[in-house]
Amino acid sequence: EADAQLRIGAPHPDMFDVGQYVQVADSLGVELHVLNSAMNNPALDETAIFGLPYNGTVRYFFNKRSTVSVAEARFSFRNAPHFNSLIDGLHQVRDAEHETDAVLDHLYRHPNTAPFLCRLLIQRFTTSNP
């Protein structure tokens with residue numbers, strides 16, 4: 001159920017300063033990391049990071065939801081996150097490389113990529129006239 005709800009990716013907790021995040025649970029392959037300052041009262045707030053198994057690897061997600069409401073909240077849609085800085089010149093090349101790597105990794109590991117590419121190759125390299 002967690003993989004259906006969590007959509008905003010997070011960096012590996014070890015990428016933060018040493019001791020900033022502490023793993024408090026590891027159940028059924030799902031990891032839970034909270035801020036070290038919240039260890040006395042760990043809460044599932046927006047700073048919590050979940051580690052979920054995915055195709056033999058672990059993917060990390062923040063406990064956040066980002067939606068946009070339109071027309072007095074009658075319509076809403078998921079606000080797709082982006083990782084590029086909006087400040088000119090601030091790590092733009094690095095951020096673009098990270099986002100491109102994330103998209104390519106997603107496409108590589110997605111279960112529908114192989115059937116989709118095979119169908120396109122069959123359509124391209126075969127003919128209906130013998």
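Two strands count as paired here if DSSP finds at least two bridges between them. Strand 1 and strand 2 clear that bar in this predicted model, with six bridges joining them in an antiparallel run. Within this pair, A25 sits opposite L32 of strand 2. The two strands form a hairpin with two residues between them, and L28 in that hairpin takes a positive phi near 55°.

Next along comes the pairing of strand 2 with strand 3. Strand 2 covers residues 30–35 and strand 3 covers residues 49–54; they run antiparallel too, over three bridges. One contact to look up in the viewer is H33, whose bridge partner in strand 3 is I49.

Put together, these pairings belong to an open sheet of four strands, ordered 1-2-3-4 and paired antiparallel. The edges are taken by strand 1 (21–27) and strand 4 (57–62), each of which pairs on one side only. From one strand to the next, the twist averages 25°. As a rule of thumb for reading such a sheet, side chains in a regular strand alternate between its two faces.

Stepping back to the whole protein chain, there are three helices and six strands. Reading from the N terminus, the elements go α-β-β-β-β-β-β-α-α, so under the numbering of DSSP runs from that end, the six strands come one after another between a helix and a pair of helices.

Strand 6 (residues 75–78) is where F75 is found. What does F75 make together with V70 and F77? The three residues make a nonpolar surface patch of about 300 Å². Membership in such a patch takes over 30% relative accessible area, so V70, F75 and F77 each pass that cut-off.

How much of the protein chain is buried? Of its 130 residues, 15% count as buried, with the cut-off for that label set at under 20% relative accessible area. The protein chain exposes about 10200 Å², and 57% of that area is supplied by carbon and sulfur atoms. As for contacts, the pool to look at is residues at least 6 apart in sequence; of those contacts in the protein chain, 35% join residues at least 24 apart.

Key. Residues are numbered from 1 along each chain as its sequence is written. This is a predicted model: local features need pLDDT of at least 70, side-chain atom pairs count only at pLDDT 80 or more; totals for chains, interfaces and linings use all residues. Side-chain values use heavy atoms; hydrogens and water are left out. Patches are made of residues with over 30% relative accessible area and no salt bridge: like charges are joined within 9 Å, nonpolar side chains (Val, Leu, Ile, Met, Phe, Trp, Tyr) within 5 Å. Accessible areas come from the Shrake-Rupley method with a 1.4 Å probe; for residues, only the protein chains shown count as cover. A salt bridge is a side-chain nitrogen of Lys or Arg within 4 Å of a carboxyl oxygen of Asp or Glu. Axes are lines fitted to C-alpha atoms, for helices over the stretch in contact, and angles run from 0 to 180 degrees between N-to-C directions. Buried means under 20% relative accessible area, exposed over 50%, partly exposed in between (1.4 Å probe, protein chains only). Contact means heavy atoms within 4.5 Å.
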